[in-house]
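Welcome! Take a moment to look over the sequence and the model, and then let us walk through a few of its features together.

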Amino acid sequence: MLKHLPYSPTVLLLLIQVNYRPPSRMGIAVPLTDNFYNVHPGKSKMRNYFKESQNTGKFKQCANKPSRAECNCEDNMKLSFSVAFSDCKEKALRMKFPVVKLPLYFVVEDEGYSINLTAPYFVSIEEINNRMNWKVSGTDRTSSMEKLRIYFQKTNKMRLYNPDGLTLSITGSELFHFRVSTIPGVSFCNLFDEFQIYVDDSPLAFPGRHLISTIVAVLIGGILFVAFLLHIYEIQIGNFFKRKSKRNKVESKTSTATASETSSTSTES
């Protein structure tokens with residue numbers, strides 16, 4: 001059995017939103033994958049605005065079920081990394097944006113023994129929901145590995161990596177679901193495993209950040225321009241407000257005197 005060991009000192013579990021699907025190439029508001037996470041059949045599907053999203057997406061355990069209670073999601077399914085139990089999946093590993101060169105370690109468990117995955121157990125890594133904003137970097141390239149890589153790319157369109165010294169970088173946001181599998185022929189069975197990472201605290205998507213920067217720049221420029229005009233024409237804002245306050249005091253005194261004269265006149269009459 002192949003197991004993954006992504007390492008990070010600040011890993012936390014994040015609760016996935018109800019009826020959630022990861023973003024697609026068309027944007028965060030247009031999910032296109034068939035995999036739902038944390039499914040509640042009685043509630044509306046998240047970001048199901050466009051026809052492309054409405055025509056995709058399928059429930060698994062919760063298919064044709066009126067409520068989540070009838071999906072029969074066990075505790076191990078709720079914590080499973082397998083895409084087969086995505087309906088039951090409730091939490092994912094949370095990491096802050098951006099994820100830069102996250103070390104990946106893989107081990108093979110056999111009859112109680114754990115062995116670090118090394119060559120010739122070359123692996124392929126794919127993102128199950130067809131997301132693109134990620135990159136795997138490896139080390140220790142050898143001529144034999146390059147020959148195998150060329151062969152499998154031609155036959156199965158697989159890109160191979162040496163499991164020694166693998167790092168993962170993610171520049172996108174929200175949920176990424178990866179599957180790691182070894183090449184055929186190095187084991188009596190097909191070794192594969194899956195893991196998920198939820199990238200949080202990402203910056204605003206285009207063009208939000210640019211609009212905010214533009215508005216702030218215009219406001220600062222306007223303030224500087226007004227200050228420049230005041231300096232050129234020697235306009236004293238403080239004196240202006242002082243004159244206005246004095247004028248208000250004079251007007252109030254005048255109105256008071258007029259009122260007193262009117263009252264005295266009425267008394268004499």
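## A buried lysine and its surroundings

Lys 89 is buried but forms no salt bridge: Glu 194, the nearest side chain of opposite charge, is 9.3 Å away. Keep in mind that this is a predicted model.

Where does Lys 89 sit? Its place is in the loop between helix H2 (75-78) and strand S3. A polar atom of the Lys 89 side chain lies 3.2 Å from the backbone oxygen of Ser 80. Beyond its neighbours within four places in sequence, Lys 89 is in contact with several residues, including Ile 16, Tyr 37, Met 77, Phe 81 and Gln 196.

## The sheet

The strand S3 that borders this loop also belongs to an open sheet of six strands, ordered S2-S3-S12-S11-S7-S9 with mixed pairing. Strands S2 (12-15) and S9 (160-161) stand at the edges with a single partner strand each, so one side of each has no neighbour in the sheet. As background, strands of a sheet pair through backbone hydrogen bonds, either parallel or antiparallel.

S3 (residues 91-96) and S12 (residues 192-200) run parallel and are joined by four bridges. If you would like a pair to find in the model, Met 95 has Val 199 in S12 as its bridge partner.

## A buried threonine

Now let us turn to Thr 33, in the loop between S2 and helix H1 (51-54). Is Thr 33 buried or exposed? Its relative accessibility is 11%, so Thr 33 counts as buried, the cut-off being under 20%.

Thr 33 and Ile 128 are 95 residues apart in sequence, yet their C-alpha atoms are 8.7 Å apart in space. Leaving aside neighbours within four places in sequence, the contacts of Thr 33 are Arg 21, Pro 22, Thr 56, Gly 57 and Asn 129. With Asn 129, the link is also a polar contact between the two side chains.

Here are the polar distances for the two buried residues.

| Residue (side chain) | Partner | Distance |
|---|---|---|
| Lys 89 | Ser 80, backbone oxygen | 3.2 Å |
| Thr 33 | Asn 35, backbone nitrogen | 3.2 Å |
| Thr 33 | Asn 129, side chain | 2.7 Å |

## A helix to finish

Helix H4 covers residues 208-232, 25 residues in total. From its first C-alpha to its last, H4 reaches 36 Å, close to the 36 Å expected at 1.5 Å a residue. Just after H4 comes Glu 234, which takes a positive phi of about 50°.

Key. Residues are numbered from 1 along each chain as its sequence is written. This is a predicted model: local features need pLDDT of at least 70, side-chain atom pairs count only at pLDDT 80 or more; totals for chains, interfaces and linings use all residues. Side-chain values use heavy atoms; hydrogens and water are left out. Two strands pair if DSSP finds at least two bridges between them. Helices (H or I, at least four residues) and strands (E, at least two) are DSSP runs, numbered from the N terminus. Buried means under 20% relative accessible area, exposed over 50%, partly exposed in between (1.4 Å probe, protein chains only). Lys and Arg count as positive and Asp and Glu as negative; His and the chain ends are not counted. A salt bridge is a side-chain nitrogen of Lys or Arg within 4 Å of a carboxyl oxygen of Asp or Glu. A polar contact is a pair of N or O atoms within 3.5 Å; within protein, one must be able to donate a hydrogen and the other to accept it, and residues adjacent in sequence count only if both atoms are side-chain atoms. Contact means heavy atoms within 4.5 Å. The expected span of a helix is 1.5 Å times one less than its number of residues.
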